[in-house]
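Visitor: Got a minute to walk me through this one? I'd like to poke at a few spots and see what's there.

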Amino acid sequence: MASNPASTAAHGWNHAQANCALGDITIDRVVDMERLAYSAKMMLPTADEAELRRLAAEMGPRIIDPVTMSVSLSFHAYVVRTPKHTILVDTCCGNDKERPQRVDWHRRDGPFLNNLRARGVEPEDIDFVMCTHLHADHVGWNTKLVDGKWVPTFPNAQYLFAEVEYRHWIQQQAESDEPIMHGSHADSVLPVMDSGQAKLVAVDHEIETGIYFQPAFGHTPGTIVLHVDSQDAQAVLCGDVMHHPAQVVHPEWSSAFCADPIQSAKSRRELLERVAGTGTLVLPAHFLAPYYGPVERDGDGFRTVI
Ligand SMILES: [Zn+2]
């Protein structure tokens, strides 16, 4: 399938600046943690090792380390600025959170808000926060610690949660004696609900014309992606529908953190098929540069056009 060189050239991801412009809309990547390495066996349990080694040679050790057989993930948010709204997508791990089972996320003192300010965005400027799903590494900056209490980090924002996702985790918590999701449900989701700043919405909710959600269930029961359509250029901010560039090549490799690995693989392939060859920028929550960009078909799988 032919790609659209005019579209990708005019609206490509700028790796030096970690942003892009789609018509009158801009998207910036805001880093919480730049790079953490995880065992490939743990992260992608069904991945074929020989094929991973082939991909390591192609992608380089920063993406797949052939010595340790580890895959690297970034933890970042995106800021979408339209002429009408400033939208923060996925809020990473946050600061000061108690995450004793995740040492890299535990009691952090990271520069995320300064990284946001460096993009010209103050917390007060955010109109909407959306989380593709409610795992701990996508809700962390929803709240910050003030005088021992968790309060919304973005005082003027409406937080949009997919109702099906929110209800799922409420049910999970009701059935559990322990705090779920490393405590993030209690410290990063419920305080936002209590503040009155949250709104539960449908999985196809539209924030404004051309900026809309689409369901991509599987990683969690209510995972959604955000489409950004501007004039002739598009992007899809797809959270954890894929965690690592190896899954673009092999959409059948679901992560160990997918609630329903089969449905997750189906949603991943559907999304890639939908955007392949269209010039749509694929912007996942955990990819490292240079794997932000359009994709095209390649055999049974796909590849990122770099
Ligand atoms: Zn994640």
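Visitor: Let's start with the strands. Which residue in β4 does Leu-36 stand opposite?

Guide: Leu-36 faces Leu-73 there. Keep in mind as we go that this is a predicted model.

Visitor: How many bridges join β2 to β4, and which way do the two run?

Guide: Eleven bridges, and the strands run antiparallel. β2 covers residues 25–39, while β4 covers residues 70–81.

Visitor: Which other strands pair with β4?

Guide: Strand β3, residues 64–65, pairs with β4 in the antiparallel sense over two bridges. Strand β5, residues 86–89, is also antiparallel to β4, this time over four bridges.

Visitor: Give me a landmark for each. What stands opposite Ser-70, and what stands opposite Val-80?

Guide: Asp-65 is across from Ser-70 of β4. For Val-80, the residue across the way is Ile-87 in β5.

Visitor: And the turns? How many residues sit between β4 and β5 in their hairpin?

Guide: Four residues lie between those two strands. The hairpin of β3 and β4 has four residues between its strands as well, and in that one Met-69 takes a positive phi near 50°.

Visitor: Is β4 mostly buried or exposed?

Guide: Buried: eleven of its twelve residues are, so the strand is largely enclosed by the rest of the structure. As background, side chains in a regular strand alternate between the two faces of the sheet.

Visitor: Back to that positive phi. Where does Arg-107 lie, and what about its phi?

Guide: Arg-107 is in the loop between β5 and α4, the helix at 112–118. Its phi is positive, about 45°, although the residue is not a glycine. Arg-107 is also exposed, with a relative accessible area of 55%.

Visitor: What about Asp-147, what's its phi?

Guide: Near 50°, again a positive value in a residue other than glycine. Asp-147 lies in the loop between β7 (143–146) and β8 (149–152), and at 79% relative accessibility Asp-147 counts as exposed.

Visitor: While we're on backbone quirks, which peptide bond is cis?

Guide: The one from Ala-289 to Pro-290 is cis, with omega near 10°. Pro-290 is placed in the loop between β15 (281–284) and β16 (295–298).

Visitor: Changing topic: the metal. Which residues are the protein donors of the zinc ion?

Guide: Asp-137 and Asp-240 each donate through OD, and His-138 and His-286 each through NE2. These donors lie 2.1 to 2.2 Å from the zinc ion.

Visitor: What's the geometry like?

Guide: Irregular, with angles of 86 to 158° among the four donor atoms. Along the sequence, the donor residues are spaced D-H-x101-D-x45-H.

Visitor: That's a long gap in the middle. Where do His-138 and Asp-240 lie?

Guide: His-138 is in the loop between β6 (128–130) and β7, and Asp-240 is in the loop between β14 (233–239) and α7 (246–249), so the pair ties together parts that are 102 residues apart in sequence. Both His-138 and Asp-240 are buried.

Visitor: Okay, Ser-184. Which helix is it in, and what does it touch?

Guide: Ser-184 lies in helix α6, residues 184–195. Leaving out residues up to four places away in sequence, Ser-184 touches Arg-99, Leu-134, His-135, Ala-136, Val-139 and Val-189. At 0% relative accessibility, Ser-184 counts as buried.

Visitor: How far apart are Ser-184 and Val-80?

Guide: C-alpha to C-alpha, 24 Å in space, and 104 residues in sequence.

Visitor: How many disulfides does the structure hold?

Guide: Zero. Cys-20 is in none, and the nearest cysteine sulfur to its own, that of Cys-238, is 13 Å away. Cys-20 is buried, with a relative accessible area of 5%.

Visitor: Why is Cys-93 not bonded to Cys-92?

Guide: Because their sulfurs are 6.6 Å apart, too far for a bond, and Cys-92 holds the closest cysteine sulfur to that of Cys-93. Cys-93 is buried too, with a relative accessible area of 1%.

Visitor: Last one: what's the mean pLDDT of the chain?

Guide: The mean is 95, and 96% of residues reach 70 or more. Over residues 1–9, though, the pLDDT is below 50, and that stretch has 13 contacts in the model beyond near neighbours in sequence.

Note on methods
Residues numbered from 1 in each chain as written. Predicted model: local features only at pLDDT ≥ 70, side-chain atom pairs only at ≥ 80, totals over all residues. Heavy atoms only, no water. Disulfide = S-S within 2.5 Å. Buried < 20%, exposed > 50% of the residue type's maximum accessible area, 1.4 Å probe, protein only. pLDDT = per-residue confidence, 0-100. Contact = heavy atoms within 4.5 Å. Pairing = 2+ DSSP bridges. Donors = N, O, S within 2.8 Å, 3.2 Å for Na, K, Ca; no water. Tetrahedral: all angles 85-135°; square planar, octahedral: opposite > 155°, others 65-115°.
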